[in-house]
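Subject: Structure handover

Hello,

Here is the structure I said I would pass on. My notes follow below it.

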Amino acid sequence: MWTPWESEGSPGSPEATGPTKMLAVPEMGLQGLYSGSSPERSPVPSPPGSPRTQESCGIAPLTPSQSPKPEARAPQQAPFSVVVAIDFGTTSSGYAFSFASDPEAIHMMRKWEGGDPGVAHQKTPTCLLLTPEGAFHSFGYTARDYYHDLDPEEARDWLYFEKFKMKIHSATDLTLKTQLEAVNGKKMPALEVFAHALRFFKEHALQELRDQCPSLPEKDTVRWVLTVPAIWKQPAKQFMREAAYLAGLVSREDAEQLLIALEPEAASVYCRKLRLHQLVDLSSRAPGSGRLGERRSIDSSFRQAREQLRRSRHSRTFLVESGVGELWAEMQAGDRYVVADCGGGTVDLTVHQLEQPHGTLKELYKASGGPCGAVGVDLAFEQLLGRIFGEDFIATFKRQRPAAWVDLTIAFEARKRTAGPHRAGALNISLPFSFIDFYRKQRGHNVETALRRSSVNFVKWSSQGMLRMSCEAMNDLFQPTVSGIIQHIEALLARPEVQGVKLLFLVGGFAESAVLQHAVQAALGARGLRVVVPHDVGLTILKGAVLFGQAPGVVRVRRSPLTYGVGVLNRFVAGRHPPDKLLVRDGRRWCTDVFERFVAAEQSVALGEEVLRSYCPARPGQRRVLINLYCCAAEDARFITDPGVRKCGALSLELEPAEGGPHAAGAPPSRREIRTAMQFGDTEIKVTAVDVSTNRSVRAAIDFLSN
């Protein structure tokens, strides 16, 4: 079989392509399609509705050969002296690092200036402030506090971005030109916004490294790690990489110095290092306990397992020597567990199996989850304010008093962190004076009158001039988001691939919430699932990302979230292929739009495993080959026109001029084979290519943002 692609400079005219697994296409037939380098080309007709590309380069078929088995090879490790991980979160962000000489000694970033009472400052809010001209001003607490102190009229000209990471997840048509809207309604390219934030972390981290280790060389010193949700699709991952390039973390030539880490995977990598006293078993929680530190340690929960382990001391020694913590050493080979990363924007679930003897991890089911993060509670509070004061007023207030709105959300965040399932007293939430004054001017009466007139009877006006909310009302704000998280976990546990799970690790910033912890334990404890929370639950992903950067091969097998492939021509078989896919050319009958699969959804793919395909440029001197990639959630799609199949990206091959110069008159040109190797078992889809005739590397890339 061979694949139709449109020719560069001749839109609409398909050219032939040749994956390794193909039918014979005679050389004369190829020349019939494309007569040398003549601009006059005969377009091959395509059935109505067949997808076309707007800019592609042709490739020609090779001789038939068997499709090679996927090859596995150890990934090349670039030299580095230190790993710096940036946990870029929806609500808070931070960085940590460790040196290659002592990889498990994780250094947290310096304490941030500013901050909120009762909140650990090892992370800073994901808030970015740009000047009215669009230049970087500040990030984190500094940005938030400066924006808060601006005059209301002046603040309307500044660009303040917060919780903007979710925009990348929710964008259905993400490109490099996607825009983000600041609090004041002004828009700016999302790529620049993310690059500003990453550049801030880069400069802070490098300065701290210089302070701690002045002798550290500048060049090729740092391996950077960026965390992203596991449920993010390839375009969002590539977007973060492009932002890192723009921020100067690494150059495109040194792309291997930047790793994309999946957040629940990073948490899993960190949790496997923990000892028993660093974990809390929610099933052993004393009734009515509130904060994490008041609960009993998990040590006693595994005393029986420890006794059983004495019978298999040899396997425990293997695991401990591999750097695996006590909890994992007590688990048996093949034990399965779930990591539920509950962050500000999403809940991100992964299922891992512990492998002996080296303690590597195998993913058992593709990453799942959804937009059920802590910001859902903030949205519920905003909707509550809309019921009391009017949705139109809240929208106007946010637009005309953006700094005061940020002030109000900060006040709510502080009270949200104190909410608990067994809390008895009500909670007071401060309303900024700007809110009270603006409401009186807009409505002609005060906020106390609005509360009396509203149908919301569980929020009152306190004598201290605050909103007074009952604990039940506060907990109700959590319920839609918490219920969504539990539904995602239960749906995952119902999968046959996940049967036999023993543990669930609850991690992420939102996992600090006593409301969420209580709800998850109540819902899942009856199933015999042990729900475990690390002590430093809010830093689990960040620390795990550092460990992942030091040893990215720890996750040995992943599951492909989608089916990927290309559209090809296949020999037409009557009765098996639809008549509307028939294409007759030079007396041969072909079936168009066949979906040739590279990897199937939910297929297990080992790290370093390669899918090989070979292609041949259609024209002598051709400098570029562009091949459309398609994807779908189904495993059994037959055609690229099937429902659910969509164009998701393009594989590009940049070719150097062929060696040997022009051919003698009348002599047929030699065929030039370009062999590509694609890897689907890493956190990003990767591709390399080699010119078989010269054994030289060919610049190859997959672009998921060009659609």
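In which sense do strand 20 and strand 22 pair, and over how many bridges? The pairing is antiparallel, and four bridges connect strand 20 with strand 22, which covers residues 466-469. Please keep in mind throughout that this is a predicted model.

**Sheet 20-22-21**

The two strands belong to an open sheet of three, with the order 20-22-21 and antiparallel pairing. Its edges are strand 20 (427-430) and strand 21 (459-461), each of which pairs on one side only. On average, neighbouring strands in this sheet are turned by 30° against each other, with direction ignored. For one specific pair of residues, take Asn428, whose bridge partner in strand 22 is Arg468. Helix 11 (residues 375-389) packs on this sheet and touches strand 20, strand 21 and strand 22. The direction of helix 11 makes about 110° with that of strand 22.

**Sheet 10-9-11**

Another open sheet of three strands has the order 10-9-11, again with antiparallel pairing. Strand 10 (136-139) and strand 11 (159-162) are at the edges; each has a single partner strand, so one side of each is left without a neighbour in the sheet. Here the average turn between neighbouring strands is 15°, direction ignored. Strand 9 (residues 127-130) and strand 10 run antiparallel and are joined by three bridges. Within strand 10, Phe139 is the residue that stands opposite Leu128.

Two helices lie across strand 9, strand 10 and strand 11. Helix 2 (residues 141-149) does so at about 110° to strand 10, and helix 5 (residues 190-212) at about 65° to strand 10.

**Salt bridges**

Searching the whole structure gives 31 salt bridges. Three of them are described here.

Arg530 and Asp281 form a salt bridge in which the closest N and O atoms are 2.9 Å apart. Arg530 sits in strand 24 (residues 530-534) and Asp281 in strand 16 (residues 279-281), so this pair ties together parts that lie 249 residues apart in sequence. Arg530 is partly exposed, at 27% relative accessible area, whereas Asp281 is buried, at 0%.

Asp378 and Lys416 meet through their side chains in a salt bridge, at 2.9 Å from N to O. Because Asp378 is in helix 11 and Lys416 is in helix 13 (residues 402-416), the pair ties together parts 38 residues apart in sequence. Asp378 is buried with a relative accessible area of 15%, and Lys416 is buried with 9%.

Asp437 forms a salt bridge with Lys441, with 3.1 Å between the closest N and O atoms. These residues, Asp437 and Lys441, are four residues apart in helix 14 (residues 433-443), and therefore about one helical turn separates them. Is Asp437 buried or exposed? With a relative accessible area of 16%, Asp437 is buried. Lys441, at 60% relative accessibility, counts as exposed.

Salt bridges with shared partners also join Lys163, Asp378, Glu413, Lys416, Arg417 and Glu512 into one network.

**Nonpolar cores**

In soluble globular proteins, nonpolar side chains tend to be buried together. In this model, the largest nonpolar core has 150 residues, and Phe161 and Phe389 are those with the most contacts inside it. Which residues does Phe161 contact, leaving aside its neighbours within four places in sequence? The list is Thr126, Cys127, Leu128, Leu130, Leu180, Glu181, Ala182, Met188 and Val193. There is also a second, separate core of 31 residues, which includes Ile627, Met678, Ile685 and Ile702.

**Totals for the chain**

- The chain holds 18 helices and 35 strands.
- Of its 707 residues, 55% are buried.
- Among contacts with a separation of 6 or more, 72% are between residues 24 or more positions apart.
- The exposed area of the chain is about 30500 Å², of which carbon and sulfur atoms supply 50%.

Regards

Notes: Residues are numbered from 1 along each chain as its sequence is written. This is a predicted model: local features need pLDDT of at least 70, side-chain atom pairs count only at pLDDT 80 or more; totals for chains, interfaces and linings use all residues. Side-chain values use heavy atoms; hydrogens and water are left out. Two strands pair if DSSP finds at least two bridges between them. Axes are lines fitted to C-alpha atoms, for helices over the stretch in contact, and angles run from 0 to 180 degrees between N-to-C directions. Contact means heavy atoms within 4.5 Å. A salt bridge is a side-chain nitrogen of Lys or Arg within 4 Å of a carboxyl oxygen of Asp or Glu. Buried means under 20% relative accessible area, exposed over 50%, partly exposed in between (1.4 Å probe, protein chains only). Accessible areas come from the Shrake-Rupley method with a 1.4 Å probe; for residues, only the protein chains shown count as cover. A nonpolar core is a set of buried Ala, Val, Leu, Ile, Met, Phe, Trp, Tyr and Cys residues joined through side-chain atoms within 4.5 Å.
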